[in-house]
Amino acid sequence: MHLLAVQAGTIDDGSQAVDLGQEPGDIVVISAADSELAALARAQDGLPQDAPSLRLANFMQLGHNMSVDHYVEQTARHAGLIVVRLLGGASYWSYGLEQLRLAAHDHGIKLAVLPGDAQPDAELLVHSNLPEAEMRQLWHYLIEGGPDNAGNFLRYCAHILRGDEAPPASLQLLKAGLYWPGVVTPGLEAVRREWQAGATVAAVVFYRSLIEGGYLEPVDALIAELQRAGLNPLPIFVSSLKDEVSAATVVELFQRAPPRVVLNATGFAVSTPGGTNGGGVSGGGAVNPLAAPGRPILQVVFAGSSRQAWVDNPQGLSSRDLAMNVVLPELDGRILTRALSFKSGSERHAATQCSVVTYKAE
């Protein structure tokens, strides 16, 4: 079996073996969050020339066991520090974790396996060999997000790797809030100034990571189309609908500016099977901040694949997108609409040898 050379900006589902084509680097970061990879690539550009070299990889391109073997042999085993951000638990990428752990043991590599979200995961600790305090610091830089934390994450990696001065602790950023194109940290009154008098309010809920990575083209396009349709958009970013601060922020804003409809671009579900979904309560008794009687929640999809992959796939969306954006959201009673954007790659980022992916509105 031969390996395919990965195409810039595309993400596959691991059904084919690919070669990421990366030379060895001092630090390797593997993550499923394109926004995180984009932020780290920009942060690397801002570091001094003598900073440790960095390689970035999306582990969705390392789903095939042969892809993992080749990447470990060509790139990862030569690193001094490897950081993995894994969404879904150890079982989601068990072969990759095992090979990295073996490489770390055989070649004296420092290895940190961190949760891909803000929820601790003790199971991932067994794959790591860094002190827990160092892993917690790395994790906090990434879950807080933003340019400053991305830069300090890389500086802290250099501190771990070669004893450079440790940067300040992570800066806490808003987990949720209002957004409006071209306005810095808008309040509700600033958003209302953009509204049409007497028009119906339509909430747009999306992940904070889109702001962190600068992936706002589909959000801006959706806001513009809602305005053209005579609606008043209420754009809200959240870390996760399961995050207490995010959920409370959504509830408060919905009370102050009640929407008649919600367009939700977050994946997964708040619910668990077997519960109800009304009056703000979702399955299993969990509070669903989007839910209210008579207020439809329309699920819009920011696809994790390219437009061409969507066109070529008989089922349209990838298996991962179907799970995150169709199957699980149905537990919350959301109504599926369609894909409003797809991922589109830019040129390969020279310093990290990684293609920085962006979202393009459909």
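## Charge, fold and aromatic pairs in a predicted protein chain

The protein chain carries 25 positive and 37 negative side chains, and 6 Å separates the centres of the two sets. The model described here is predicted, and every value below was computed from it.

**Overall form**

The protein chain contains 12 helices and 13 strands. Its radius of gyration is 21 Å, close to the 21 Å that the globule rule gives for 362 residues, so the chain is as compact as a globular protein of that length. Along the principal axes, the C-alpha atoms occupy a box of roughly 65 × 45 × 40 Å.

Burial and contacts complete this general description. Of the 362 residues, 51% count as buried. Among contacts with a separation of 6 or more, 71% are between residues 24 or more positions apart. The surface that the protein chain exposes amounts to about 16200 Å², and carbon and sulfur atoms supply 53% of it.

**Aromatic pairs**

A pair of aromatic rings is described by the distance of the centres and the angle of the planes. The whole structure yields 7 aromatic pairs in a search. One of them joins Tyr179 and Phe206, which are edge-to-face, with 5.8 Å from centre to centre and 85° between the planes. Tyr179 belongs to the loop between β7 (176–178) and α7 (188–192), while Phe206 belongs to strand β8 (residues 201–207), so this pair ties together parts that are 27 residues apart in sequence. Tyr179 and Phe206 are both buried.

Tyr215 and Tyr359 form another pair. Their ring centres are 5.4 Å apart and their planes stand at 70°; because an angle over 60 degrees counts as edge-to-face, the pair is placed in that class. Tyr215 sits in the loop between α8 (209–213) and α9 (217–228) and Tyr359 in strand β13 (residues 354–361), so parts that are 144 residues apart in sequence are tied together by the pair. Tyr215 counts as buried at 4% relative accessibility, and Tyr359 is buried as well, with a relative accessible area of 14%.

In addition, Phe59, Tyr92 and Trp93 make up one aromatic cluster.

**Residues with positive phi**

Most residues other than glycine have a negative phi. Phe268, which is not a glycine, has a positive phi of about 65°. This residue, Phe268, is located in the loop between β10 (261–264) and β11 (297–302). Its relative accessibility of 32% makes Phe268 partly exposed.

Gln353 likewise has a positive phi, near 55°, and is a residue other than glycine. The loop between β12 (335–349) and β13 holds Gln353. With 12% relative accessibility, Gln353 counts as buried.

**Selected positions and their surroundings**

Val238 lies in strand β9 and is buried, its relative accessible area being 0%. Beyond residues up to four places away in sequence, Val238 touches Lys175, Ala176, Val205, Phe206, Tyr207, Arg208, Ser246, Val250 and Thr266. Phe206, one of these contacts, is also the partner of Tyr179 in the edge-to-face pair described above.

Asn152 is part of helix α6 (residues 147–162). It is buried, with a relative accessible area of 10%. Apart from neighbours within four places in sequence, Asn152 is in contact with Tyr141, Pro167 and Pro168.

Gln61 occupies the loop between β4 (54–58) and α2 (65–74). The relative accessible area of Gln61 is 11%, and the residue is therefore buried. Ala229 is found in the loop between α9 and β9 (232–238). In contrast to a buried residue, which has under 20% relative accessible area, Ala229 is exposed at 57%.

The table lists C-alpha separations for three pairs of residues.

| Residue pair | Separation along the chain | C-alpha to C-alpha distance |
|---|---|---|
| Gln61 and Ala17 | 44 residues | 8.5 Å |
| Ala229 and Ala199 | 30 residues | 10.0 Å |
| Val238 and Leu154 | 84 residues | 25 Å |

Technical notes. Residues are numbered from 1 along each chain as its sequence is written. This is a predicted model: local features need pLDDT of at least 70, side-chain atom pairs count only at pLDDT 80 or more; totals for chains, interfaces and linings use all residues. Side-chain values use heavy atoms; hydrogens and water are left out. Helices (H or I, at least four residues) and strands (E, at least two) are DSSP runs, numbered from the N terminus. The radius of gyration is taken over C-alpha atoms; the globule rule is 2.2 Å times the number of residues to the power 0.38. Buried means under 20% relative accessible area, exposed over 50%, partly exposed in between (1.4 Å probe, protein chains only). Contact means heavy atoms within 4.5 Å. Accessible areas come from the Shrake-Rupley method with a 1.4 Å probe; for residues, only the protein chains shown count as cover. Lys and Arg count as positive and Asp and Glu as negative; His and the chain ends are not counted. The place of a charge is taken as NZ of Lys, CZ of Arg, CG of Asp or CD of Glu. Rings of Phe, Tyr and Trp (its six-membered ring) pair if their centres lie within 6.5 Å; planes under 30 degrees apart count as stacked, over 60 as edge-to-face and the rest as tilted.
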